[in-house]
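Here's a quick tour of a protein chain. Have the sequence and the model open side by side while you read.

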Amino acid sequence: MKKMNLVLMAAAVLLAACSSDTQEVDTYDPAHDYFSFANSDDFVTEHLALDLDVDFDSSELRGSATLVMRRLNEEAHEIILDTRDLAIDSVELISAAGTASALEYRFGDEDEVRGTPLIISLPGDLPVDETVDLRLIYSTSPESTALQWLPPELTAGGEHPLMFSQSQAIHARSWVPLQDTPAVRITYEASIRTPSELLAVMSANNDPLTPRGGAYHFEMPQPIPSYLLAIAVGNIFFAPLGEDTGIYAEPELLDDSVYEFADTQAMLELAEQMYGPYAWGRYDLLVLPPSFPYGGMENPRLSFITPSLLAGDRSLVSVIAHELAHSWSGNLVTNATWRDGWLNEGMTSYLDSRLMEIIYDKERADEERVLSYRELLLDLERVPPEMQALAPRLDTGDPDDFQGSIHYSKGQLFLQYLEETFGRDAFDEFLAAYFDEFAFQTITSERFLEYLDANLLQVMDRGVGREQVEAWLYEPGLPEDAPVPESATLTAAREAAIAWSRGDYATAEIPSADWSPHATVHFINSLADDLSTERLAELDAALGFSDTRNAEIGRAWFIQVAERRHTAAYDQLEKYLNRYGRGRLILPVYRALVENGEDAELARTIFENARSAYHPLVDAGIAKALE
Ligand SMILES: [Zn+2]
């Protein structure tokens, strides 16, 4: 694997002899975004203006996108944009005086993952380094991979439709024609028209006092990568949490959300103390219906959040700390390509655990570190070795699903390793300087390594140099000196599971009253392999796992139920798979049904009945798992 590191590091040309008389040139460039068609070295977008109608009857957005693009290369006479399933009516060049002239354009070959390049021809006399304004009149498809159009029955209120976007990783191109690569940052503005009773919100300057009426205008003055473009429209209302924080949600979810996420303002203030000023104005949350595919999405100024966090006990709010922390790692300093995703996700997972430690306590943060470490070990069994590096070679495949939790959990562990090596104070100082140095920029893993080397490795002699760091970045598995997270409370829960499984004490004596939800999850994960279904039923009757309101306890339990074919709980398992649409919660349950060797057919039947409520991204992931 060392050889591959050299290739990655040099970003240069490797000559590999294939036979005595032919040579193959490896042109892999880790700084290149292989998931975008855009020729952003020739033209780069600086600003986007959207003008869109939101049509719930046809499940389409219709209108225009105007791109302000700077010409960087005088040889280039074509602009290539990313699209997926977009209908383009016209492309116009807008003069300084505002007059429009039609431009010729054509689509290139469609690619299953990357969509379809849109190639626009420009007149020959445009000066270099000037900007051009391109206006594209277009509409989206009802199959847009970024947009989910929910009928009223799939919302909490049941009376109004709701639509939301999920642009990460490469889905912005399915609702806006643009240069869909994190390497390009744009400011944006948008005029959005909706049915008059609904509210539109975006990853922009949402004003909590905005009156309803069906016409909304947004500005986003800070430059963002395209994957942070976001919109939602529905019967959404606002409730404040603190001075700069609040919640948007359907009225049915508003009170529960205000209770659950009450610590958001405190998290924001604490994060600012640790990592420097919050750069984005307000920080609000949008709590979406259950089909939202992820735990949260860090859309700037307005994180999109799954309602599966509403456990009633604030036990799952590390996701809020996570999305908030992205305001620094990811949104402020952004991975240059999806191959560098650990710079977004690993860094953010590290920061969120630090926030959790201070807002709550070390015990809770340690519990979360142990659970995430366990998932990392499971993923290291599943993910092929060449994808286990933090910064793998990545020029094919789908950036949505290439690595499991490696970017998150291994990245977090790597930063914990640096913290333990250089000391918390020095490492915090390093991170604050790093966010300041690269604010509003995109960087590669190699750029991070250079900065780390110059500002920490060479400054403090702790016996850790580039070689150790490169092992984390470029090699599979975990280095031998990787930290191993520990939690006394989780160890106790694990020991309780083993002892109860052995019959050392009665079910009524399980000390579950003292446990956090995390300890309960660890208890479930640690049950002995050979338990009879009678004993599982006994456990369920005593501790109520099948009826839990905590989505993570349910996840752990129903994975076990499916793996062990505990059929007495299959009705509740099916209900669980219908209650949630978040991929993390349901995909492993489906997978466990398939992998138990008996229930693939049942899994397919449940899926067919439930899938109309799932998001296209989750639907695609489950369909793949069921194949
Ligand atoms: Zn994240």
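What follows goes from the whole chain down to a few strands, a helix and one loop residue.

First, the ground rules. This is a predicted model, so to speak about local features a pLDDT of at least 70 is needed, side-chain atom pairs count only at pLDDT 80 or more, and totals for chains, interfaces and linings use all residues. Numbering starts from 1 along each chain, following the sequence as written.

**The whole chain**

The secondary structure comes to 18 helices and 23 strands; these are DSSP runs numbered from the N terminus, with helices being H or I of at least four residues and strands E of at least two. The radius of gyration is 25 Å, close to the 25 Å from the globule rule for 627 residues, so the chain is as compact as a globular protein of that length. (That radius is taken over C-alpha atoms, and the rule is 2.2 Å times the number of residues to the power 0.38.) Along the principal axes, the C-alpha atoms fill a box of roughly 85 × 65 × 55 Å.

How much of the chain counts as buried? The share is 45% of the 627 residues. Buried here takes 20 or more other C-beta atoms within 10 Å of a residue's own, exposed takes 12 or fewer, and partly exposed is in between, with C-beta atoms placed from the backbone. Among contacts with a separation of 6 or more, 71% come from residues 24 or more positions apart; a contact means C-beta atoms, placed from the backbone, within 7 Å.

**Two domains**

The domain assignment gives domain 1 (329-474) and domain 2 (488-626), with bounds from an automatic or database assignment. Their C-alpha centres lie 30 Å apart. Nine residues from domain 1 and ten residues from domain 2 make the contact. On the domain 1 side, the touching residues split into two nonpolar, no polar and seven charged. (Nonpolar covers Ala, Val, Leu, Ile, Met, Phe, Trp, Tyr, Cys and Pro; charged covers Asp, Glu, Lys and Arg; the others, Gly among them, are polar.)

Domain 1 runs over 329-474, and helix 5 covers residues 341-359. This helix has 19 residues and reaches 26 Å from its first C-alpha to its last, close to the 27 Å expected at 1.5 Å a residue, where the expected span is 1.5 Å times one less than the number of residues. Helix 5 is mostly covered, with 16 of its 19 residues buried.

**Strand pairs**

Strands pair if DSSP finds at least two bridges between them. Here are three pairs:

| Strands | Sense | Bridges | Facing residues |
|---|---|---|---|
| 3 (43-55) and 4 (60-71) | antiparallel | twelve bridges | D51 and S64 |
| 3 and 13 (185-193) | parallel | seven bridges | L50 and A190 |
| 19 (283-287) and 21 (302-305) | parallel | four bridges | D284 and L302 |

Strands 3 and 4 form a hairpin with four residues between them, and S59 in the turn has a positive phi of about 55 degrees.

Strands 19 and 21 belong to an open sheet of five strands, ordered 17-18-19-21-20 with mixed pairing. Strand 17 (237-240) and strand 20 (296-297) stand at the edges with a single partner strand each, so one side of each has no neighbour in the sheet.

**One loop residue**

N205 sits in the loop between strand 14 (199-202) and strand 15 (215-225). Is N205 buried or partly exposed? N205 is partly exposed, because 17 other C-beta atoms lie within 10 Å. Leaving out residues up to four places away in sequence, N205 touches F218, E219, M220 and G281. N205 and F218 are 13 residues apart in sequence and 6.0 Å apart in space, C-alpha to C-alpha.

How values were computed
Contact = placed C-beta atoms within 7 Å.
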